[in-house]
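Hi,

Here is the structure I promised to pass on. Have a look at it first, and then read on for what turned up.

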Amino acid sequence: MFRIMLTVEHEPAEENRLHKSKQHNPRKYLLYRPTCSTLLYFIASSQNELKEHDVLLLYISADGFKPLENSTAGPRDPNTPYSVGGVELVGSKKKPSAAEANNFYDTKSLSECFGPEDLLPFLRRPLFLIVDSDNSDAFLS
């Protein structure tokens, strides 16, 4: 993540020093293991601060969160929320119990999952999304 931050930094050029023109570096927020509501808050704040021709670069690095195929609820409708999964923002690293594993739509599981559906309100402005996860293909469509 640090290298990505350095790539968007502007290095002062020699002619810019002579002309004393300012080249502003982009505003950056680094969030370590944010909750879903914290991440949504910072995305909304960042988009509010964008100027007319600016783009929001969002880099998410998290563990993947995929729906379980052997659920007791039967086959999943691909049009339901989080049907393709997403990324787990602040999940615990412990293995789920058998009862939790059979119920994908558990409230605790969904509150820790950040899926493509969560980005829908922010797609009216330019957004460049990088998802570094084992379930990053959930964000392709």
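**Cysteines first**

There are zero disulfides in the structure. Bear in mind that this is a predicted model. Cys36 takes part in no disulfide, and the nearest cysteine sulfur, that of Cys113, lies 8.0 Å away. Why is there no bond between the sulfurs of Cys113 and Cys36? A disulfide needs the two sulfur atoms within 2.5 Å, so at 8.0 Å the sulfur of Cys113 is too far from that of Cys36 for a bond. Both cysteines are out of the solvent: Cys113 counts as buried because its relative accessibility is 0%, and Cys36 is buried too, with a relative accessible area of 15%.

**The overall layout**

The protein has five helices and five strands. Starting at the N terminus, the elements come in the order α-α-α-β-β-β-α-α-β-β. Of its 141 residues, 27% count as buried. If you take the contacts with a separation of 6 or more, residues 24 or more positions apart account for 70% of them.

**Strands**

Three of the strands make an open sheet, ordered E2-E3-E4, with antiparallel pairing. Its edge strands are E2 (63–65) and E4 (113–114), each of which pairs on one side only. Between E2 and E3 (residues 86–88) there are three bridges in the antiparallel sense, and one pairing to look up is Phe65, whose bridge partner in E3 is Gly86.

Gly64 also sits in strand E2. Is Gly64 buried or partly exposed? Its relative accessibility is 23%, so Gly64 counts as partly exposed. Not counting residues up to four places away in sequence, Gly64 touches Gly86, Val87, Glu88, Ser133, Asp134 and Asn135. Further along the chain, Asp137 is 73 residues from Gly64 in sequence, yet the two C-alpha atoms are 9.8 Å apart in space.

Then there is E1, which runs parallel to E5 (residues 127–132) and is joined to E5 by six bridges. Leu57, for instance, has Phe128 as its bridge partner in E5. E1 has two distinct faces: Leu56, Leu58 and Ile60 make up the covered one, while Leu57, Tyr59 and Ser61 make up the uncovered one.

**The nonpolar core**

Which residues touch the most other members of the largest nonpolar core? That core has 16 residues, and the answer is Ile43, Ile60, Val87, Phe114, Leu119 and Phe139. Helix H3 and strand E1 (56–61) each supply at least two residues of this core. In soluble globular proteins, nonpolar side chains tend to be buried together. For a closer view, try Leu119: beyond its neighbours within four places in sequence, Leu119 is in contact with Ile43, Leu58, Phe114, Leu127, Leu129 and Phe139.

**Helix H3**

The geometry of H3 checks out. At 1.5 Å a residue, its 14 residues should span 20 Å, and the end C-alpha atoms are indeed 20 Å apart, so the two agree. The buried residues of H3 are Cys36, Leu39, Ile43, Ser45, Ser46 and Gln47.

Ser46 deserves a click of its own. With a relative accessibility of 11%, Ser46 counts as buried, the limit being under 20%. What does the side chain of Ser46 reach? The backbone oxygen of Phe42, at 2.7 Å. Apart from neighbours within four places in sequence, Ser46 is in contact with Tyr29 and Leu56.

**The loop before H3**

Two residues in the loop between H2 and H3 are on my list. One is Leu30, in the stretch between helix H2 (14–19) and helix H3 (36–49). Leu30 counts as exposed because its relative accessibility is 52%, and the cut-off is over 50%. Leu30 is twelve residues from Phe42 in sequence, and their C-alpha atoms are 9.9 Å apart.

The other is Arg33, found in the loop between H2 and H3. Arg33 is not a glycine, but it has a positive phi of about 50 degrees. At 42% relative accessibility, Arg33 counts as partly exposed.

Cheers

Methods: Residues are numbered from 1 along each chain as its sequence is written. This is a predicted model: local features need pLDDT of at least 70, side-chain atom pairs count only at pLDDT 80 or more; totals for chains, interfaces and linings use all residues. Side-chain values use heavy atoms; hydrogens and water are left out. Helices (H or I, at least four residues) and strands (E, at least two) are DSSP runs, numbered from the N terminus. Buried means under 20% relative accessible area, exposed over 50%, partly exposed in between (1.4 Å probe, protein chains only). A nonpolar core is a set of buried Ala, Val, Leu, Ile, Met, Phe, Trp, Tyr and Cys residues joined through side-chain atoms within 4.5 Å. Contact means heavy atoms within 4.5 Å. A polar contact is a pair of N or O atoms within 3.5 Å; within protein, one must be able to donate a hydrogen and the other to accept it, and residues adjacent in sequence count only if both atoms are side-chain atoms. The expected span of a helix is 1.5 Å times one less than its number of residues. Two strands pair if DSSP finds at least two bridges between them.
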